[in-house]
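Dear colleague,

I am handing over the structure we spoke of, and below it you will find my notes on what turned up when I went through it. Please read them with the coordinates open beside you.

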Amino acid sequence: QVLLVESGGGLVQAGDSLRLSCTASLLTFSGYSMGWFRQTPEKERELVAAVGWNNGYTSYADSVKGRFTISRDNAKNTVYLQMNNLKPEDTAVYYCAAARRLGRVSATTRGDQYEYWGQGTQVIVSS
């Protein structure tokens with residue numbers, strides 16, 4: 001059974017940084033595009049960032065461009081989300097997800113193409 005395990009969430013103040021990690025097991029990690037999504041009770045799930053074949057293929061939501069960086073380490077089966085200059089509106093549960101690349105090099109941006117999901121990690125940013 002494929003397993004995605006997120007870590008690194010927590011309670012921080014506005015302007016602080018956090019790094020989320022997601023480690024995958026039982027899949028050929030390099031064959032998957034990896035994404036970070038977030039969701040709050042008030043909003044639908046949204047794609048925050050995604051990475052394709054390598055770290056040269058990334059995509060970001062406009063709201064996080066310039067503040068968040070997604071990266072992957074295929075040797076460790078891990079994807080990271082470095083979050084800088086956090087804002088209260090970044091408060092959400094963050095989910096890691098995996099989508100089969102099927103030969104594509106670009107990052108997968110459609111949520112319905114993500115096949116595997118983690119359990120989520122809470123990020124709370126206080127003002």
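To begin with the covalent cross-link, the structure holds one disulfide, and this bond joins cysteine 22 to cysteine 96, with an S to S distance of 2.0 Å. The two partners come from distant parts of the chain, since cysteine 22 belongs to strand E3 (residues 18-25) and cysteine 96 to strand E9 (residues 92-100), 74 residues apart. The link is left-handed, with -70° about the S-S bond. Please keep in mind throughout that this is a predicted model, and that every value quoted here was computed from it.

As to the surroundings of that bond, cysteine 22 has a relative accessible area of 1% and therefore counts as buried, and cysteine 96, at 0%, is buried as well. In the protein as a whole, buried residues make up 41% of the 127 residues.

Turning to the overall fold, the protein has eleven strands and zero helices, so that its elements, read from the N terminus on, run β-β-β-β-β-β-β-β-β-β-β. Among contacts with a separation of 6 or more, 62% are accounted for by residues 24 or more positions apart. The radius of gyration is 13 Å, which agrees with the value near 14 Å that a compact globule of 127 residues would have. Along the principal axes, the C-alpha trace spans about 40 × 30 × 25 Å.

The charged side chains deserve a paragraph of their own. Side chains of opposite charge can pair when their charged atoms come close. A search of the whole structure finds six salt bridges, and a network of such bridges links Arg38, Glu46, Arg67 and Asp90. Within this network, glutamate 46 pairs with arginine 38, their closest N and O atoms lying 2.6 Å apart. How accessible are these two residues, buried or partly exposed? Arginine 38 has 6% relative accessibility and so counts as buried, because the cut-off for that class is under 20%, whereas glutamate 46, at 27%, counts as partly exposed.

Two further salt bridges may be worth inspecting. Arginine 110 forms one with aspartate 112, the closest N and O atoms being 2.8 Å apart; of this pair, arginine 110 is partly exposed at 48% relative accessibility, while aspartate 112 is exposed at 58%, and the two fall into separate classes because exposed means over 50%. The other bridge is formed by aspartate 62 and lysine 65, where the closest N and O atoms are 3.1 Å apart, and aspartate 62 is itself exposed, with a relative accessible area of 66%.

Finally, some words on the surface. The accessible surface of the protein comes to about 6,500 Å², and 47% of it belongs to carbon and sulfur atoms. Trp53, Tyr57 and Val105 make a nonpolar surface patch of about 270 Å². Of these residues, tryptophan 53 lies in the loop between strand E5 (43-51) and strand E6 (58-60), and with 44% relative accessibility this tryptophan counts as partly exposed.

With kind regards

Methods
Residues are numbered from 1 along each chain as its sequence is written. This is a predicted model: local features need pLDDT of at least 70, side-chain atom pairs count only at pLDDT 80 or more; totals for chains, interfaces and linings use all residues. Side-chain values use heavy atoms; hydrogens and water are left out. A salt bridge is a side-chain nitrogen of Lys or Arg within 4 Å of a carboxyl oxygen of Asp or Glu. Buried means under 20% relative accessible area, exposed over 50%, partly exposed in between (1.4 Å probe, protein chains only). A disulfide is a pair of cysteine sulfur atoms within 2.5 Å. Helices (H or I, at least four residues) and strands (E, at least two) are DSSP runs, numbered from the N terminus. The radius of gyration is taken over C-alpha atoms; the globule rule is 2.2 Å times the number of residues to the power 0.38. Contact means heavy atoms within 4.5 Å. Accessible areas come from the Shrake-Rupley method with a 1.4 Å probe; for residues, only the protein chains shown count as cover. Patches are made of residues with over 30% relative accessible area and no salt bridge: like charges are joined within 9 Å, nonpolar side chains (Val, Leu, Ile, Met, Phe, Trp, Tyr) within 5 Å.
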